Each structure stands twice: as structure tokens, then as C-alpha cells.
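Let's take a friendly look at how aromatic rings meet one another, and where charged side chains join them.

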Amino acid sequence: MMFDAKAFIAEQVGTIRKAVPGKAIIACSGGVDSTTAAVLASRALGDRLLAVYVDTGLMRKDETADVSKTLNELAVQHRILLAADEFFDALRGITDPERKRIIIGNKFIELFEREASPFGAEYLVQGTIAPDWIESGGQLRDRIKTHHNVAGLPERMKLRLCEPLRDLYKDEVRATARALGIRVAERQPFPGPGLAVRIVGEVTPERVAIVREASAIVETEIQAAAASGAMVLPWQYFAVFLPVQTVGVHGDLRVYGHTVAVRAVHSVDGMSATYSKIPHDVLDRISVRITNEVKGVNRVVYDLSNKPPATIEWE
Amino acid sequence: MRVSVIDNGGQWTHREWRVLKYLGVETKIVPNDTPVSQLNGLDGLVLSGGAPRVGIDPEKMGRNGEYLDAFYAPILGICAGHQFMAKHLGGDAAPAKVPEFGKSVVEIHQPDVLFQGLPNRFEVWESHNDEVTILPRDFVALASSQNCDVQAMRHRDRPLFGLQFHPEVEDTQFGADIFRNFLKLCENPK
């Protein structure tokens, strides 16, 4: 017996309708999970649902425009909040990955509550999936990392939660998204805290710009290589900024620049993963482009770790 | 068929539930302090893994001991569940000399129904700090890896099985087959 997306959709639309008697907002990042949750909730609640997308300043290249387009296509009532300054202020001086995640989780809820009250919503729908609450821990379970939408929530919250995807893994969410006709069904996972957890050390606008450009190069090159048949498209692939400076030489001049790590993994559910065996000429193109096109980076390394012992994201 | 997963706090407890569900089993994740009397009517139990030291700390293993003593149908202990099974039934478990995380290879040296139809060597996924150090009396070791002697064990007479590796993890080869073999035993306990 495999996962039955159609049955799941019918069941969840009914469940959401029962669970949410009034109005709700949905936290929507434009990723597969929250977009799927948004469409399910929208089917259940119609105009009693408002989707809220927050541009945290920690998004990938062109992400906000793309998400806005997706939500328009899906005819989900939505608002886009531009909140980069608030996030950068809250993250100033913070280097601990868990603190970053908690600050971001709290900030999200603050913004959602601000949007919920004029709309009259008492419920917050989230696209939380199984690995989010599993890895967030609690009781017997150890905390691997604070997922912003679970353990990153403030202790006191006015909004009540509704999480229709709690028991699903990414492959099952994708099956649901396909059945709902969602364009972003195959989009690679992107964590809620965004590029903040792909910068080891303090999050600054300059570092975000570096990792954003580097990630765009990783995505373009890997997608092109996969499209040409040179490799299988990994489950997830991105760049990580390392605050490690090393020596380089640029046009007979000494430089002392930062390092970018390239991460690409194969997985089904995100709960275990193997690093992708990317052909060397693809890695070579990525390296040459990043070190030439992204200012401040003179070294690129490739991450060879599986999960476990590592996790997919670096923080 | 109804088989529940006892939650000892593992990262992959919910994966065990998913694999069982995909195999058509009626399954639930239940807390490990559930009285054995509430498990009446089940055809089998899976004792999940848990955080470091959980398998060798009886305090954290709730009523797992009760299940091993009084549950009437087959039990599959995984990781912490396997370690606790050894310790509770007279063997021992302790911090491993070489913990294993991620990819490993197991070798089956004692054929068993649990591994029916499987090759003798295959790739598995591990994640453990502790291991079974002394096999309980009445148990047979079935498989090992380079750094861990007891990757699998079973009771000689009762349908009790322990696995150090994680058959529920997507990257483990033949994981679903191992569950299928276990479910056959649940259907037809000897």
C-alpha cells in the first residue's frame, strides 16, 4: 500500500473545516510544504483564509517575485510582508545556530499575529511536516535542531495551530502537491530560517548577498547538468557561507577571502541522506564561477558527509 | 494485521510507523509507558530506538520490560529497543568501543526467517553510541558489522528479535523485506 494523495486531500479538507470554525492565516514561504497546506486550507476555508508570505531578507534570488506569482496562480488570498530590516536587526551579533532559529521563529509569530488581528483570524495554519517535529525533539526525543515552526514558536501564542501535514514526509507532500496541481511540487526544500542557517557565524546583509549569489550558481549549474543527462538532479543542492578565511592569489595580488561549501544530497524523506556523486567537471564549473563571480570568495569546498552523521543543512 | 510502534524517542520512530503503514498494517505510535494490558489484540510490537544511553537506562525505557516479559506476540527491538532487550533479559549493553553513524555493512552468519530471501551482506544505516556487549542466555547472534558484533539477535524459542541497525531507514537495503519477514511471523507466530 502506498500513500494515497487523493484520499489524504479529501480527509484533510474535512479535518481543517472542523478544526477551524472561524478565520485563519497561513504562514506561506512558497515552498512545497506551506504551499500545499495553503491550497488544502484554502479548499477548506475559502475566503476565511489569508496566506501571509514574509520576505525575511534571507530568501534566495528572485524568490519573493516567484512566490507571489505562485500564490496568484493558485488563487489563494495573500499578503506579502517586507521585513528584512526587522530580521537583520534581530539577528545582529548572533552566531549560535539554535539562537538564530529561535529568534527567527519568534519573529515570524510576531509578524503573523500582527497580520492576524485586523483579519480577525484566531488560527495559524502551518505546513509543518514530520521531520520538523521529530528533529525539534521533546520529552524522550533529543533536539537535533530547532525547527522555527515547532520549537521556535514562542511559549505564549495567541494563535491556535492547525498542521494538516504533520504526519507526512517530503515525498508524500510532493505527491499531494502533484494531485492538487501545484507548480512548485518538485521544488527543492528550503528551510524556513532561509539563508540565515546557510551562513556559519553572524548573519549580515553582505554575507547573505554572497551565499545568495553562490547558491544561484550552484542551482543553475546543477540543474543544467541534470537537464543534459550528466547527473541525476539531487534532492537538495545549495551553497553555505563559511567564515573561514584562507589565502589566495588574484592577479598577482594576495587575497584573504572567505570559503563557500557546496552541499548536494540524495534523499527521499530528509531523515537520512547520502551526498551526491556530482561529476568533477560540474563541480569544476561551480567552483570557477563562484570564485570568479562572487566577490570575497576565493575557495570552494564540496561536502562529502551523509546524514547521519551530519545533517543536510549545516546549522 | 495490527502492529504498534513503542516510542522510545528515536529520530526514526515515525519512519517505523510509515514502513508498517506502507506494508498495509494497521499501526499506531504509542508512548513507552502504555500498560501492556492496553496492547491486547495486537499482532506484534516494534520497540523503537532512542537518544544516547536510552537503551541502557531502564528509567527512560518506561514499560519496555513489561512488554518483553508479558506481551504474547512477536517483538522487534530496534537500536535502543534491541539494546534494552539484551540488558533486560540477562545480557548487557554498554557504550560501544566504536560507535557507528550512517552507512555500514552487515554480514549475516546465522540464517533466520527475519532475513529470508536476503543476501548475506548488505548495506545498512546505523546511528548508535551504545551496543549489545553480552548476549542474553537463550539468544543467538545473527549478524555483525566490522565494528559491532551483535547487529542482529533472536531468542531461541520466543519470537523476540533485536536489530542494531535501522531497517526502517530509506537508505538501508532490504529494510522493507526485513519488516515483511517480521510481519509474516506476526501473522503466524511459531
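## What counts as a ring pair

Rings of Phe, Tyr and Trp (its six-membered ring) are paired here if their centres lie within 6.5 Å. By that rule, ring pairs join B:Phe115, B:Phe122, B:Phe165 and B:Phe174 into a cluster. Please keep in mind that this is a predicted model. Over all chains, a search of the whole structure turns up eight aromatic pairs.

## A stacked pair in chain A

Take A:Phe108 and A:Phe112: their ring centres are 5.8 Å apart and their planes sit at 15 degrees, so this pair is stacked. Both belong to helix H5 (residues 97–119) of chain A, where being four residues apart separates them by about one helical turn.

Are these two rings buried or exposed? A:Phe108 has 10% relative accessibility and counts as buried. A:Phe112, at 4%, counts as buried too.

## An edge-to-face pair in chain B

Back in the chain B cluster, the rings of B:Phe122 and B:Phe174 have centres 5.6 Å apart and planes at 90 degrees, so they make an edge-to-face pair. This pair links distant parts of the chain, 52 residues apart: B:Phe122 is in strand S6 (residues 121–134), while B:Phe174 is in the loop between strand S9 (160–163) and helix H4 (175–187).

Their surroundings can be described as well. B:Phe122 is buried, at 2% relative accessibility, whereas B:Phe174 is partly exposed, at 31%.

## Arginines over rings

Chain A also offers charges placed over rings. A:Arg60 lies over the face of A:Phe190, at 4.0 Å from the ring centre. Likewise, A:Arg198 lies over the face of A:Phe238, at 3.7 Å from the ring centre.

Conventions:
Residues numbered from 1 in each chain as written. Chains lettered and ligands numbered in written order. Predicted model: local features only at pLDDT ≥ 70, side-chain atom pairs only at ≥ 80, totals over all residues. Heavy atoms only, no water. Phe/Tyr/Trp six-rings, centres within 6.5 Å; stacked < 30°, edge-to-face > 60°. Helix = DSSP H or I, 4+ residues; strand = E, 2+ residues; numbered from the N terminus. Buried < 20%, exposed > 50% of the residue type's maximum accessible area, 1.4 Å probe, protein only. Lys NZ or Arg CZ within 6 Å of the ring centre and 35° of its normal.
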